[in-house]
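Student: I would like to learn how to read a structural model feature by feature, beginning with how far to trust its parts. Could you take me through the one shown here?

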Amino acid sequence: MAGAKNHDYHILPPSIWPLVGSMSALVMASGGIMWMHDAAHGGWLFLAGLAGVLFTMYSWWADVVREAHHGDHTPVVQLHFRYGMILFIASEVMFFVGWFWAFFDFSLFPTAMTFADGTVTRAVEGGAAVVAQWPPKGLEVIDPFEFPLLNTLILLTSGTTVTWAHHALIHDQRGGEKTGLWGLIGVGNRDGVLKGLWLTVILGLLFSSIQAYEYVHAPFPFKGINYGASFFMATGFHGFHVLIGTIFLIVCLVRAYKGDFTPKQHFGFEAAAWYWHFVDVVWLFLFVTVYVWGGWGAPIHAG
């Protein structure tokens, strides 16, 4: 029959969301630039654009969820979703490579400067010689084996809980409860999915709260010194990704309560789990290179 579907691919109908999203992003970027230059109404324009972007994200992904319920996500489509998520995570890896590159460049080829009483003093041509060292002379660093180590344990634990939830979903057997050890930890029933997701979300929020406290009490500033700039940009963007991943998992938790996921069709959950493990791995590199190696030999900030 003419027009009959005889393939496993999903041909998308026309959608307004790419246009709405691109226009909202333009308004948000323009408003942000105006806001930073103290132009009139720049802040409001930025917020309006941000609202448009968030609305586009919600509406577009709602369409994707509806497509899944309609049976449009065939095994072939799900496979291509996985390819897309892998490529997205690869692009995120390269994004963080840039921040690690900057940190290593600053640390291996440091600029001669001293830091005292919140003031940065740089060596100038013809002035007094200042020995270049990393971190800059006089700078106190955060003790890597206090809050950073605690956050490392929190993220590693959250990786375990999201894996627990994933395996509980894969082995979900509705209509019968598991007994013994598997029933106790929730593998093989929907209860394990919910418990694992709740724990992962709570651990993600705890990580963000501890990092916010760490930033407030950091002994060095963001601007004026390359250690502070590279530290806050690398760890701050990671913290932003943790927030995005937490929101991702909260959406999955809501969908799990609604019964959207099945053992054979749960790409949304799988993508969230992949993203969360990526966040875990990036933090391990940040902990070792930025906190431990990057501050080696510098005085530790007390309190």
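Student: Among the elements of the protein chain, which helix has the lowest mean pLDDT and which the highest?

Tutor: This is a predicted model, in which local features need pLDDT of at least 70 and side-chain atom pairs count only at pLDDT 80 or more, while totals for chains, interfaces and linings use all residues. Residues are numbered from 1 along each chain as its sequence is written, and side-chain values use heavy atoms, with hydrogens and water left out. The score itself, pLDDT, is the predictor's confidence in each residue, from 0 to 100. Helices are DSSP runs of H or I with at least four residues, strands are runs of E with at least two, and both are numbered from the N terminus. In this chain, helix α5 (residues 180-185) has the lowest mean pLDDT, 46, and α1 the highest, 96. The chain averages a pLDDT of 86, and 86% of the residues score at least 70.

Student: Over which residues does pLDDT stay under 50?

Tutor: That stretch is residues 175-188, for which the model has 21 contacts beyond four places in sequence, a contact being heavy atoms within 4.5 Å.

Student: What is a nonpolar core, and which residues have the most contacts inside the largest one?

Tutor: A nonpolar core is a set of buried Ala, Val, Leu, Ile, Met, Phe, Trp, Tyr and Cys residues joined through side-chain atoms within 4.5 Å; buried means under 20% relative accessible area, exposed over 50%, and partly exposed in between, with a 1.4 Å probe and protein chains only. The largest core here has 53 residues, and those with the most contacts inside it are L197, Y227 and F231. At least two residues each come from α3, α4 (147-170), α6 (190-216), α7 (226-258) and α8 (267-293), with α8 giving the largest share, 16 residues. Beyond four places in sequence, the contacts of Y227 include F103, W134, P135 and V290.

Student: Is L169 buried or exposed, and which residues does L169 touch?

Tutor: L169, in helix α4, counts as buried because its relative accessibility is 0%. Not counting residues up to four places away in sequence, L169 touches R190, V193, F261, T262, P263, H266 and F269. L169 and A256 are 87 residues apart in sequence, yet 9.4 Å apart in space, C-alpha to C-alpha. H166, also placed in helix α4, is buried at 14%, and, with neighbours within four places left aside, H166 is in contact with H266, F269 and E270.

Student: Where is S107, and is S107 buried or exposed?

Tutor: S107 belongs to helix α3 (residues 75-108), and its relative accessibility of 9% is why S107 counts as buried. Outside its neighbours within four places in sequence, S107 is in contact with W134 and W293.

Student: What should I make of the sign of phi at D38 and H41?

Tutor: Most residues other than glycine have a negative phi. Phi of D38 is near 60 degrees, a positive value, and phi of H41 is near 65 degrees, also positive. D38 sits in the loop between α1 (17-36) and α2 (42-69), and H41 has its place in the loop between α1 and α2 too. D38 is exposed, at 72% relative accessible area, and H41 is exposed at 64%.
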